[in-house]
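Subject: Structure for you to look at

Hello,

Here is the structure I said I would pass on. Please open it first, then read the notes underneath with it in view.

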Amino acid sequence: MRRRIDGWVLGAGSAAMPIRIGFGPVALFLFACIGIYLICGRHRSVRLFARNFYICAVLYGVWSLGLILFRGEPIMDNRQVGYTLLFTVLSFAGPGMVLVRDPLRAFVLGARVGIVLAFLAAFGMAVVYGGRIGVGGNAAVFAFVAALAAIGAAIPIANAPRYLPNGPYYLILGTAAVLTSETRAVLVVLPLFALVEILFSVRKFPARARMISYAALSLAAVGLASFGPVDEIISKRFAGIVEYYDTGNESKWEDKISADIRFALWDGARQVIAEHPIIGVGPYEKMDAVRAKAGENAAMLGGFRHVHNTVLDELLNDGVIGLILLSLCAYFGLAHLFRHSSSPGMTRSIIYFIIVCTTYGMLHNPLLHEVTISGIFFYFGALNAAASRFVMAQRRSLAPFNRRG
């Protein structure tokens, strides 16, 4: 009974993530608990997972929480404790999904439904309210989880339903949804992913149809960029920056204060890290230390909980050792996905995932918000389970030949 229900739970959770409904993270947590149970019970279904990834995830959690205890920081009023526990626990979601008959299909179809709903919600809110749109709250967080859903939805699956077909449509809808959020860190790459998938899609057409498609795409891109609201967002979020660095004129850079704050945060963080490179200063004291180094810019940094850069935040929290453990988690986990990818489309999706996490992490920190942490591990967990089931299927297909030999 549970095996039949799990696929629906996985799909519904995937659909819930981009529209910021709480069922998504709850479903992911349940799968993580199942995964921990299966690993502790040494179930045969989890033997093919990336063992080194889990070792590094646990070591990272032990190191980060151990430093908090070593420094004597508060436990109950320390957000980093929750984020570290989430990271460590949710990293086991993949083994919990492996008992689903086709976890990739459930995840992809759920993501396709979710990105359509996210587009409709964002478009409706943009019409009614205007300004930066964040479905469910923070605009940048919405942009990131919507981008992950769009990237997941673009993975081709066998026998796709008529009303949720394979194709680049979901990246296009995702780009439109993210456009309403005006989040530069995602907008700078998501349209390129959509373009790549469109080009792969039209490659199947005859030569004449391909040429017509290329011309139509070029005209559509120019027309879309010139469309009133789109042109306004591009001008507001990008054109002013280009003009400032080209001519020094900052009059059209409407939110230059945002860049000034980030530069002040990063400069202060760099100075603190230089003094405490090995274990950092900890999440509880880091912002006071950064503000102390900011000098006359300290007043701008009031109220900030982190420095809006994943690498700098990690060095401040856990030092070089923490950053190395975190990097090893990414390396071993992604290497496992690349090594056992079931299709070129899945491989491209993993590349998009790496790029969007990198660009978002340069200006924000996806590891310091429960929704973005959940988004990362929902994507990674589903693909991890799919990769492991792909390996199991390959081994089963080779088993008769091995017995004959």
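**Helix H7 and its cap**

At the N-terminal end of H7, Asn-138 acts as a cap: one of its side-chain oxygens lies 2.8 Å from the backbone nitrogen of Ala-140. Please keep in mind that this is a predicted model. H7 runs over residues 139-153, and at 1.5 Å a residue its 15 residues should span 21 Å. The C-alpha atoms at its two ends are 21 Å apart, so the model agrees with that expectation. H7 is also mostly covered, with 15 of its 15 residues buried.

**The chain as a whole**

The protein chain holds 17 helices and zero strands. Of its 405 residues, 48% are buried. Its accessible surface is about 19,700 Å², and carbon and sulfur atoms account for 66% of that. Among contacts with a separation of 6 or more, 75% are between residues 24 or more positions apart.

**Salt bridges**

Side chains of opposite charge can pair when their charged atoms come close. How many salt bridges are there in this model? The count is five. Three of them, described here, include the pair Glu-197 and Arg-348, whose side chains meet with 2.7 Å from N to O. This pair links distant parts of the chain, since Glu-197 is in helix H10 (residues 190-202) and Arg-348 is in helix H16 (residues 344-363), 151 residues apart. Are these two residues buried or exposed? Glu-197 has a relative accessible area of 9%, and Arg-348 one of 18%. Buried means under 20%, so both count as buried.

Another salt bridge joins Lys-286 and Asp-313, at 2.8 Å from N to O. Lys-286 belongs to helix H14 (residues 286-293) and Asp-313 to helix H15 (residues 310-339), so the bridge ties together parts that are 27 residues apart in sequence. Lys-286 is buried at 2% relative accessibility, and Asp-313 is buried at 0%.

Asp-267 and Arg-270 also form a salt bridge, with their closest N and O atoms 2.7 Å apart. Both of these residues lie in helix H13 (residues 256-275), three residues apart, which is about one turn of the helix. An α-helix has 3.6 residues a turn, so residues three or four places apart point the same way. Asp-267 is partly exposed, with a relative accessible area of 34%.

**Helix H6 and the loop after it**

Which residues does Phe-119 touch, leaving aside those up to four places away in sequence? They are Leu-173, Ala-176 and Ala-177. Phe-119 is in helix H6, and it is partly exposed, with a relative accessible area of 23%. Phe-119 and Thr-180 are 61 residues apart in sequence, while their C-alpha atoms are 9.3 Å apart in space.

On the surface, Phe-123, Val-127, Val-128 and Tyr-129 form a nonpolar patch, and together they have about 500 Å² of accessible area. Tyr-129 sits in the loop between helix H6 (103-128) and H7. With a relative accessible area of 66%, Tyr-129 is exposed. The loop therefore leads back to the helix at the start of these notes, where 15 of 15 residues are buried.

Regards

Notes: Residues are numbered from 1 along each chain as its sequence is written. This is a predicted model: local features need pLDDT of at least 70, side-chain atom pairs count only at pLDDT 80 or more; totals for chains, interfaces and linings use all residues. Side-chain values use heavy atoms; hydrogens and water are left out. Helices (H or I, at least four residues) and strands (E, at least two) are DSSP runs, numbered from the N terminus. The expected span of a helix is 1.5 Å times one less than its number of residues. Buried means under 20% relative accessible area, exposed over 50%, partly exposed in between (1.4 Å probe, protein chains only). A polar contact is a pair of N or O atoms within 3.5 Å; within protein, one must be able to donate a hydrogen and the other to accept it, and residues adjacent in sequence count only if both atoms are side-chain atoms. A salt bridge is a side-chain nitrogen of Lys or Arg within 4 Å of a carboxyl oxygen of Asp or Glu. Contact means heavy atoms within 4.5 Å. Accessible areas come from the Shrake-Rupley method with a 1.4 Å probe; for residues, only the protein chains shown count as cover. Patches are made of residues with over 30% relative accessible area and no salt bridge: like charges are joined within 9 Å, nonpolar side chains (Val, Leu, Ile, Met, Phe, Trp, Tyr) within 5 Å.
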